[in-house]
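Student: I'd like to go through this structure and keep asking how each label is earned. Can we begin with the sheets?

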Amino acid sequence: MAEVTPDVVEAHGLSPEEYERVLHALGREPNLVELGIFSVMWSEHCSYKSSRIHLKKLPTEAPWVICGPGENAGVIDIGDGQAAIFKMESHNHPSYIEPYQGAATGVGGILRDVFTMGARPVANMNALRFGRPDHPKMKHLVQGVVAGIGGYGNCVGVPTVGGETNFHKAYDGNILVNAMTVGVADANRIFYSAATGVGNPIVYVGSKTGRDGIHGATMASADFGEDAEAKRPTVQVGDPFTEKLLIEACLELMATDMIVAIQDMGAAGLTSSSVEMATNGKAGIRLVMDNVPCREEGMTPYEMMLSESQERMLMVLKPGREAEAEAIFLKWELDFAVIGEVTDTGHMVLEFGGEVVCDIPLGPLAADAPLYDRPSLSREDYKAWAKVAPLGDVPASTDLGADLLKLMASPDLASRRWIWEQYDSQVGADTLQLSGGDAAVVRVHGTRKALAMTTDCTPRYCYADPYEGGKQAIAEAYRNLCAVGARPLAVTNCLNFANPQRPEIMAQLTGCLEGMGDACRALDFPIVSGNVSLYNESKATGGGSAILPTPAIGGVGVIADYGQMATIGFKAEGQAILAIGPHYPELGQSLWLREIHGREDGDPPRVDLADERLNGEIVRQLIAEGKVTAVHDMSDGGLLVALAEMALAGGIGAKIDAMTSEFAFNESQARYIVTVAPGVELDRSKVPFERIGTTGGDGLVVGEQSVPLAALREASDSFFRDWMES
Amino acid sequence: MAFRAAVITFPGSNCDRDMAMALEKVSGTPALRVWHGDSELPDRLDFIAVPGGFSYGDYLRCGAIASRSPVMRAVVAAAGRGVPVLGVCNGFQVLTEAELLPGALMRNAQLTFTCRAAPLTVENSQSLFTGGYEAGETITLPVAHHDGNYFADDATLDRLEGEGRVAFRYADECNGSQRRIAGILNAAGTVLGMMPHPERAIEPELGGSDGRALFESAVRGLVAA
């Protein structure tokens, strides 16, 4: 076995101080296998060493939360003895290096996190951030990521129902690919990862282990240097066909009573799955590496432990049930191997060729894990560093129609049809609504209930003011769920930030988390699962820049009867259009300011959490009472963009009262647009609304100005079409 | 008499449940589920459905491995005896690979997976499957495929057209299919292969119910017989 030298330690991404901790934990020098295990377990990706103390401050509890952060995914009660299980996870670094496989295996990994806990996955979502469309690599990256997400999700037969996509130069050298899966399980049949029962067999199922993805977690825990391309071999390769078989085989096994514990092999593969299972069970573990199914000859224990080959699971079975379980996996033509047992030693012991090749005490591996309270800039110092110019004077616009057309054709607002037509959004025959509106809605199979889901974050707000931006991301998710008539229940998140060793980046992280925490508490919208992706910055393409702080939020809510679901499209001519919620002269960080005036200045809109909650409850009530015919929230682009989206979705125009550009395009929060049929009156004492117009015609008429729907549609469709055909 | 339908499941099938649910909702009888390794089908079948998905991962060629599975030998034999067979999406690809239907499904002309509502023209309203539609009627069914580009040589296409065996045609360009063919029948009119998904369009809440008439027509025709 190779000698452990300082160079070898450094190549494993451990700092000299961290190596001292290894020596302390072991009481001796590690061998290479042990060093590899410490290296991945203490990587940022697995240990959350820079974020853990801050994550603890997030609210994670509510009466309907069955399982919060710490397991493979979060679990909430959705009534009738059923649970929704969901999580979002990043696959940023691999997707930049190899977009198809990076994105595909991101989907595969998050699916496993969800079905590991006993749920049948019912929907996939995603949150994507790309660089400037005219960046030389960007078209290739977008094509690859979208094809990869589709290629995996379409094959496993889980509908991809929505998500969000932004473009900004800050992602030129480091795109973000965040994937979310939502599943449904029986609330009394949730599976956890704690390995218990001394002597119980540890079983490996799924694909064989190959040499792919070795050190993926370590790679995902560092900045990209000039050599990003050279890291391609650390990207895993996915096989969605095997995943589909694995889902069916695991769910079939879960319908029996044979499983004690189960965990997927994700980042850091066999290492993190076995360590987490043993640690959660306060047990020990003994693995015989000779029994690990391998794809290639001559693989060493080091390679087996660090491989990130996909579509593999580890489980603890009840004793004596191996043959029954094996029969299920053989039926699905998957590998099944007993590779070890649960022990009471508190150690992870690996044997190979009759020799012990690793003996690590699990307690110190966890207890001695590095934990950093990294220095952070104060709010004032951050503001000075971020150099966001004050809003100052903004000239009013005289041609709202021209501005609107320009906005509708801009990369952040244009129709995403080119993307979502590449995803099978219908398989499962339960998809009620795609997230082209506000939230996506999927029926709970065989019931009248439906799950609503959305992914949200406005990174430009988070950069300008991390605290308000963090609040806004949660508030928008809440609003999107309310807008379809769902009761918002809980949140998963994917925290994408740059290098935490820079105090300004830590200021972004802690600011966003504080804002998120305050919003979650005010809205009764706890965080039940999540993932942190740091070191998202790159010198690879000459960008030399950090990404915008991007705490992507995945919100889930429930609709009691999908017959009452709301959608955004105008339904008929002659209906009153009402704006609900207060608006302010908030043009700072608006898309209008950026797209029309080329400025990214000013403070982002403030989020009044009391207004957000109240208006959300009002809108849900109006939907439940059947008083409104269409509902849409106002967010990116403001009121006029929201009206254009409602008109395009319904194929019906509208006549709107004359307005200023400030009214048309400010991005004030906590606001909705609704339509009501003639004769329906809303109670002004309970609903803070303002009538702004009437549906009808084949254009959007604002005061004296008119834009045909056909022109809006052409503008909206033009961006992706022209880009992809260029 | 109860309607006895079977839905085949290959490893990688993913529309098998949707197909079974659609058959059950329309016929009132649960569909029988048949595993790819079974070399015999249940007896007295009225109807066999080969569903969509990615059978055997669609490795080699879409539908190629499935067409050589034990159960497909039994399906081909049953089709030979006149048992109606419906193949949807990957099922259509399997039926062409099994040579129950002529031609082949190639990669979409646009090279990307395409999932959207596709308007279709009903070309033949006289078959067991299409008797619930009017000839020339436009219906809308979802498509979701990467390899739906129907190809056959001109002589085969002419014969299909001449014999009224084009069941559905895309009303708009969809995937580069020859003569915009979306679904075809065998010579006896007892085997239908189509890329659009009727099983996903049987409830208005899911964006349409134009697929329902296909199942209703088959159930009515077969239970009456």
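Student: What makes β14-β15-β16-β21-β17-β18 of chain A an open sheet, and which strands stand at the edges?

Tutor: This is a predicted model, and local features need pLDDT of at least 70, while side-chain atom pairs count only at pLDDT 80 or more and totals for chains, interfaces and linings use all residues. Residues are numbered from 1 along each chain as its sequence is written, chains are lettered from A and ligands numbered from 1 in the order in which they are written, and side-chain values use heavy atoms, without hydrogens and water. Two strands pair if DSSP finds at least two bridges between them; strands are DSSP runs of E, at least two residues, and helices are runs of H or I, at least four, both numbered from the N terminus. In this six-stranded sheet with mixed pairing, β14 (431–433) and β18 (527–533) of chain A each have a single partner strand, so one side of each lacks a neighbour in the sheet. On average, neighbouring strands here are turned by 20° against each other, direction ignored.

Student: How do you know that β17 and β18 of chain A are paired?

Tutor: Count the bridges: six join β17 (residues 487–496) of chain A to β18(A), and the two run parallel. The cut-off is at least two, so they pair. One of the partnerships is A:C494 with A:N531 in β18(A).

Student: What does helix α19 of chain A lie across?

Tutor: Helix α19 (residues 466–483) lies across β16 (450–456), β17 and β21 (550–559) of chain A, and runs at about 150° to β16(A). Such angles run from 0 to 180 degrees between N-to-C directions, with axes fitted to C-alpha atoms, for helices over the stretch in contact; contact means heavy atoms within 4.5 Å.

Student: And which are the edge strands in the seven-stranded sheet of chain A?

Tutor: That open, mixed sheet has the order β8-β10-β7-β11-β9-β12-β13, and its edge strands are β8 (259–264) and β13 (355–361) of chain A, each pairing on one side only. Inside chain A, β9 (284–288) and β12 (347–352) pair in the parallel sense over four bridges, with A:L350 in β12(A) as the bridge partner of A:L287. Helix α10 (240–254) of chain A packs on the sheet, touching β7 (201–206), β8 and β10 (312–317), and its direction makes about 10° with that of β10(A).

Student: Why is the pair of A:W385 and A:Y463 called tilted?

Tutor: Rings of Phe, Tyr and Trp (its six-membered ring) pair if their centres lie within 6.5 Å; planes under 30 degrees apart are stacked, over 60 edge-to-face, and the rest tilted. This pair has 6.1 Å centre to centre and 55° between the planes, so tilted is the label. A:W385 sits in helix α15 (379–386) of chain A and A:Y463 in helix α18 (459–464) of chain A, so the pair ties together parts 78 residues apart in sequence.

Student: What about A:F719 and A:F720: how are their rings arranged, and are they buried or exposed?

Tutor: They come out edge-to-face, with 4.9 Å between centres and 70° between planes. Both are buried, that is, under 20% relative accessible area (exposed is over 50%, partly exposed in between; 1.4 Å probe, protein chains only). By contrast, A:W385 is partly exposed at 29%, and A:Y463 is too, at 23%.

Student: What makes A:K137 count as lying over the face of A:Y96?

Tutor: A:K137 is 4.5 Å from the ring centre. The rule wants NZ of Lys or CZ of Arg within 6 Å of the centre and within 35 degrees of the ring normal. A:R684 lies over the face of A:F689 at 4.2 Å from the ring centre.
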